[in-house]
Amino acid sequence: MVDLDVDLHTTLWTVAQAAEAARVSPNVVRNWCYRGKLKPADPDRRGRPQFRAIDVIRAEKDTRERARRVYEAA
């Protein structure tokens, strides 16, 4: 489970962690990158992309608003 009680501006997430936090599949996160909605931050030591948590949350929010979907109650 992804911890959302962290500094969202400095925390980096992998594709899998970003997908879990946004409740989407990892392919959706990759698609956001391809479409320019989400930019990778520093890669991890294996060269895999990582994303700032706040950027993931903003991309997810923007996607839902454009699709006119509402957030579910947590």
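**Figure 1. Five salt bridges are found in this predicted model.** Three of the pairs are shown in these close-ups, beginning with Arg48 and Asp44, whose side chains come together at 2.9 Å, N to O. The two partners sit in unlike surroundings: Arg48 is partly exposed, at 44% relative accessibility, while Asp44 is buried, at 16%. A second salt bridge joins the side chains of Arg52 and Asp55, with 3.0 Å from N to O. Arg52 is partly exposed, and its relative accessible area is 28%.

**Figure 2. Arg64 and Glu60 form a salt bridge within helix H3.** Here the N to O distance is 2.2 Å. How far apart are Arg64 and Glu60 in helix H3? They are four residues apart in H3, which spans residues 53–66, and so about one helical turn separates them. As a reminder, an α-helix has 3.6 residues a turn, so residues three or four places apart point the same way. Is Glu60 buried or exposed? With a relative accessibility of 9%, Glu60 counts as buried. Another residue to find in this view is Lys37: it lies 23 residues from Glu60 along the chain, and the two C-alpha atoms are 9.2 Å apart.

**Figure 3. Helix H1 turns one face inward.** H1 covers residues 15–22, and its buried residues are Val15, Ala18, Ala19 and Ala22. Looking down the axis of H1, you will find these buried residues within an arc of 100°, so they line one face of the helix. What do the buried residues of H1 pack against? Their partners are strand S1 (12–13), helix H2 (26–35), strand S2 (51–52) and H3.

**Figure 4. H1 and H2 pack roughly perpendicular to each other.** Two packed helices are described by the angle between their axes and the distance between the axes. For H1 and H2, that angle is about 105° and the axes are 8 Å apart. Angles of 65 to 115 degrees count as roughly perpendicular, which is why H1 is described that way relative to H2. On the H1 side, the contact is made by Val15, Ala18, Ala19 and Ala22; on the H2 side, by Pro26, Val29, Arg30 and Trp32. Sorted by type, the residues of this contact are seven nonpolar, no polar and one charged.

**Figure 5. Arg23 follows H1 and has a positive phi.** Most residues other than glycine have a negative phi, and most peptide bonds are trans. The phi of Arg23 is near 60°, a positive value in a residue that is not glycine. Where does Arg23 lie? Arg23 belongs to the loop between H1 and H2. The residue is exposed, and its relative accessible area is 62%.

**Figure 6. Trp32 is a buried residue of helix H2.** The relative accessible area of Trp32 is 4%, so the residue counts as buried. Which residues does Trp32 touch, leaving out those up to four places away in sequence? They are Ala22, Val24, Lys37, Leu38, Val56, Ala59, Glu60 and Thr63. Glu60, one of these contacts, is the H3 residue you met in Figure 2. For a sense of scale, Trp32 and Leu12 are 20 residues apart along the chain, with 16 Å between their C-alpha atoms.

**Figure 7. Lys37 lies in the loop between H2 and S2.** Lys37 is partly exposed, at a relative accessible area of 35%. Apart from neighbours within four places in sequence, Lys37 is in contact with Trp32, Ala59, Asp62, Thr63 and Arg66. Trp13 can serve as a landmark: it is 24 residues from Lys37 in sequence and 16 Å away in space, C-alpha to C-alpha.

**Figure 8. Gln50 is a buried residue of the loop between H2 and S2.** Its relative accessibility is 15%, and buried means under 20%, so Gln50 falls in that class. Which residues is Gln50 in contact with, leaving aside its neighbours within four places in sequence? The list runs Leu12, Trp13, Thr14, Pro40, Ala41, Asp42, Pro43 and Asp44. Asp44, one of the contacts of Gln50, is also the salt-bridge partner of Arg48 in Figure 1.

Technical notes. Residues are numbered from 1 along each chain as its sequence is written. This is a predicted model: local features need pLDDT of at least 70, side-chain atom pairs count only at pLDDT 80 or more; totals for chains, interfaces and linings use all residues. Side-chain values use heavy atoms; hydrogens and water are left out. A salt bridge is a side-chain nitrogen of Lys or Arg within 4 Å of a carboxyl oxygen of Asp or Glu. Buried means under 20% relative accessible area, exposed over 50%, partly exposed in between (1.4 Å probe, protein chains only). The arc is that of the directions from the helix axis to the C-beta atoms. Contact means heavy atoms within 4.5 Å. Axes are lines fitted to C-alpha atoms, for helices over the stretch in contact, and angles run from 0 to 180 degrees between N-to-C directions. Angles under 35 degrees count as roughly parallel, over 145 as roughly antiparallel, 65 to 115 as roughly perpendicular and the rest as oblique. Ala, Val, Leu, Ile, Met, Phe, Trp, Tyr, Cys and Pro count as nonpolar, Asp, Glu, Lys and Arg as charged, and the others, Gly among them, as polar.
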